[in-house]
Amino acid sequence: MILSCQNICKAFLESKVLEHISFHIEDYEKAAIVGINGAGKTTLLRIIIGELQADDGSVTLAKDKTMGYLAQNGAVDTSNTIYDELLSVKQDLITLEERIRACEISMQTKEGAELEELMRQYSSLTHAFETGNGYAYKSEVVGVLKGLGFTEEEFTKSVSTLSGGQKTRVALGKLLLQKPDLIILDEPTNHLDMNSIAWLETYLLNYKGAVIIVSHDRYFLDRIAVKIIEIDQTKATTFTGNYSDYAVKKEQLRAAAMNAYLNQQREIKHQEEVIEKLKSFNREKSIRRAESREKMLDKMDVLEKPKEVRTDMRLKLTPRVTSGNDVLTVENLSKSFGSQLLFQNVNFEIKRGEHVAVIGDNGTGKTTLLKILNQLVPADSGIFRLGAKVEIGYYDQEHHVLHGEKTLFEEISDDYPVLTNTEIRNTLAAFLYTGEDVFKKINDLSGGERGRVSLAKLMLSNANFLILDEPTNHLDILSKEILEDALNHYEGTVLYVSHDRYFINKTAHRILDLAAHSFVNYIGNYDYYLEKRDTVMAAMAPSPSGASPEAALSSPAQTESEVKLDWKAQKEEQARLRKKENDLKKCEEKIAALEARNTELDQEMADPYIATQSVKLQELAAEQERNHGELAKLYEEWEILAE
């Protein structure tokens with residue numbers, strides 16, 4: 001065991017944040033701490049590393065073990081270049097190397113005992129250098145920098161010129177190179193693109209040490225974690241397995257707790273009814289029995305009602321009008337900033353009802369594309385057309401659609417003047433803003449809080465084409481699931497940029513991958529994209545110089561043709577499944593209607609007045625017989641469709 005936390009308690013003023021938190025981390029174990037925003041996850045990490053004092057309890061790190069911590073905004077030396085900042089971690093090896101070089105120079109001029117002493121020092125120094133992997137430390141630094149998404153051209157950039165997210169990546173690189181026995185990471189994927197996240201996953205999976213992660217990236221947690229520590233209502237519960245295992249077990253426990261609560265409530269109600277009945281007999285023996293049952297009830301340990309899942313935030317997106325089938329057409333779209341080409345000659349279409357995710361490395365132009373479509377940035381060339389009755393709702397990750405000087409109430413009321421004060425308050429309450437919160441300034445809100453305001457405006461917009469830029473940024477897992485449900489039930493069209501692979505897997509019908517200045521189309525979710533990416537990239541790659549002319553001409557085209565056929569097959573399969581789902585729904589509706597009608601017929605035929613009218617009775621019986629025949633066919637049809 002490398003870390004033990006026992007009965008950790010922490011409160012701020014009268015507000016309890018953590019109560020009797022206990023868990024342990026084994027050597028080489030990868031664990032995740034999860035919970036909603038404000039649950040106390042970062043507070044717990046700060047207590048573990050000694051940055052914050054617990055009110056009670058203890059944190060024990062195993063003897064001679066080291067610990068490294070990456071905060072959400074890691075600190076770095078801004079006077080260094082990116083490369084030098086990471087190289088500073090290897091200062092002990094650099095010093096050893098300098099001493100080795102000095103020994104080599106001195107050995108050229110020494111003799112006898114002095115030479116022997118230098119050779120002894122040289123042997124000791126080189127052994128230490130080799131043990132510390134000194135011959136590979138520079139390539140190790142380069143590998144980490146490239147893995148975290150820095151190009152060689154950026155290595156010489158000053159840290160002072162970097163954005164906050166880039167500085168956090170530098171801090172993460174330094175921590176990984178230090179190789180402590182226990183790494184603690186707070187939201188490590190926030191500023192990484194998909195390739196960098198995949199690299200970090202592989203790095204941590206192979207890491208010869210223990211890892212504790214706080215993250216809302218469920219795909220990342222599924223790949224890394226073997227233990228989940230949930231912080232919920234100040235308490236901690238430990239689950240074995242990854243995030244998906246935890247989610248299943250959590251739901252099972254919640255269902256069991258709810259069943260136990262409902263069963264106990266039924267028993268309490270039953271006992272209260274028996275007590276009341278016994279008392280109503282007004283006999284001494286009955287009253288004594290009633291009093292005995294009352295004592296039994298008083299001693300009962302009454303269970304609290306389990307907290308309902310996802311009742312705190314409510315999000316329902318409903319288009320006001322239905323758009324035409326052709327929602328968006330993009331033709332030969334190109335965009336550059338100075339000498340930096342983002343994309344060129346881009347062509348694609350989006351049809352009504354599609355959910356399309358745009359993915360790609362940081363800085364490739366994904367957000368720029370959305371801004372062009374919202375006419376916030378002009379394209380260099382090319383055009384795009386919106387279809388008939390298309391009404392856009394835009395969610396901007398930087399929340400430029402919000403007005404910093406306004407209060408939350410003003411933000412809604414100014415854009416939707418027809419709403420009453422009560423309707424505005426109810427809308428904001430659905431996104432967890434109640435009481436005096438509605439009079440907070442937008443400028444005073446955190447990123448996650450601004451995100452919820454933007455979602456509230458989106459809900460009110462009644463748009464039929466949603467364009468979303470990183471909609472899950474700053475949202476906790478519970479809020480992400482609410483947004484996923486809302487989008488999956490949304491009848492309009494969605495185009496969004498996201499790095500959240502779990503979110504893409506749940507909501508995307510199609511993926512546009514921005515690679516090599518162009519968009520590559522995948523008909524499916526993120527898992528499908530992973531499955532087909534290598535095939536598609538191979539089809540797009542130039543033929544090797546050593547290939548025969550025939551192979552160079554036929555092979556890429558043939559593979560590309562196969563990919564296009566595969567896309568077509570995917571489209572046809574999706575259409576077939578949608579038709580089957582609609583047929584199943586219609587079948588169920590017909591069954592429900594006929595069963596309800598048969599119930600009505602039973603009631604009518606049981607009516608004494610109708611029972612005396614033989615003609616009417618025969619008509620009702622004949623209708624019921626026809627219904628039974630129709631139902632028999634529908635039951636068979638439902639069984640086939642349900643498979």
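Student: In which sense does H12 pass H14?

Tutor: In this predicted model, the crossing of H12 over H14 is right-handed.

Student: How is such a packed pair described in general terms?

Tutor: Two packed helices are described by the angle between their axes and by the distance between those axes. Here, the axes of helix H12, residues 408-415, and helix H14, residues 447-461, come within 11 Å and cross at roughly 20 degrees. Angles under 35 degrees count as roughly parallel, and H12 and H14 are therefore roughly parallel to each other.

Student: Which residues of H12 and H14 meet?

Tutor: From H12, the participants are Leu-408, Glu-411, Ile-412 and Asp-415; from H14, they are Val-453, Lys-457 and Leu-460. Sorted by class, this contact of H12 with H14 has four nonpolar and three charged residues, and no polar ones.

Student: Let us turn to strands. How do the strands of a sheet pair?

Tutor: Strands of a sheet pair through backbone hydrogen bonds, in either a parallel or an antiparallel manner. Strand E1, residues 3-12, offers two cases of the antiparallel kind. Seven bridges link E1 with strand E2, residues 15-25, and Cys-5 has Phe-23 in E2 as its bridge partner. Five bridges join E1 to strand E4, residues 56-61, where Ser-4 is matched with Thr-60.

Student: How many residues lie between E1 and E2 in their hairpin?

Tutor: Two residues lie between E1 and E2, and Leu-13 in that turn has a positive phi of about 55 degrees.

Student: How should a positive phi be read?

Tutor: Most residues other than glycine have a negative phi. Besides Leu-13, two further residues can be examined here. Tyr-28 has a positive phi near 70 degrees and lies in the loop between E2 and E3. Ala-516 has a positive phi of about 55 degrees and is placed in the loop between strand E17, residues 510-515, and strand E18, residues 518-522.

Student: Is Tyr-28 buried or exposed, and is Ala-516 buried or exposed?

Tutor: Tyr-28 counts as exposed because its relative accessibility is 58%, and the cut-off for exposed is over 50%. Ala-516 is exposed as well, with a relative accessible area of 69%.

Student: What is the strand order of the open sheet of six strands?

Tutor: The order is E5-E6-E7-E3-E8-E9, and the pairing is mixed. Strand E5, residues 67-70, and strand E9, residues 235-240, stand at the edges with a single partner strand each, so one side of each is left without a neighbour in the sheet. On average, neighbouring strands of this sheet are turned by 15 degrees against each other, direction ignored.

Student: Which direction of pairing joins E6 to E7, and what packs on the sheet?

Tutor: Strand E6, residues 182-186, and strand E7, residues 210-214, run parallel and are joined by five bridges. Within this pair, Leu-185 has Ile-213 of E7 as its bridge partner. Helix H9, residues 243-281, packs on the sheet and touches strand E3 (30-34), strand E8 (227-232) and E9; the direction of H9 makes about 120 degrees with that of E9.

Student: Which residues does Leu-175 touch, and is Leu-175 buried or exposed?

Tutor: Leu-175 is found in helix H6, residues 164-178. Leaving aside residues up to four places away in sequence, Leu-175 touches Gly-68, Tyr-69, Leu-70, Pro-180, Ile-183, Ile-184 and Leu-185. Leu-185 is also the residue paired with Ile-213 in E7. Leu-175 is buried because its relative accessible area is 4%, and the cut-off for buried is under 20%.

Student: How far apart are Leu-175 and Tyr-433?

Tutor: Leu-175 and Tyr-433 are 258 residues apart in sequence and 38 Å apart in space, taken from C-alpha to C-alpha.

Student: How is the open sheet of three strands arranged?

Tutor: That sheet has the order E11-E10-E13 and antiparallel pairing. Its edge strands are strand E11, residues 340-351, and strand E13, residues 381-386, each of which pairs on one side only. The twist from one strand to the next averages 15 degrees. Five bridges pair strand E10, residues 326-337, with E13 in the antiparallel sense, and Val-330 has Phe-384 in E13 as its bridge partner.

Student: Which helix lies across E10, E11 and E13?

Tutor: Helix H11, residues 366-373, lies across these strands and runs at about 125 degrees to E10.

Key:
Residues numbered from 1 in each chain as written. Predicted model: local features only at pLDDT ≥ 70, side-chain atom pairs only at ≥ 80, totals over all residues. Heavy atoms only, no water. Axes fitted to C-alpha atoms, helices over the stretch in contact; angles between N-to-C directions. Helix = DSSP H or I, 4+ residues; strand = E, 2+ residues; numbered from the N terminus. Parallel < 35°, antiparallel > 145°, perpendicular 65-115°, else oblique. Left-handed = near helix turned anticlockwise from the far one by under 90°. Contact = heavy atoms within 4.5 Å. Nonpolar A, V, L, I, M, F, W, Y, C, P; charged D, E, K, R; others polar. Pairing = 2+ DSSP bridges. Buried < 20%, exposed > 50% of the residue type's maximum accessible area, 1.4 Å probe, protein only.
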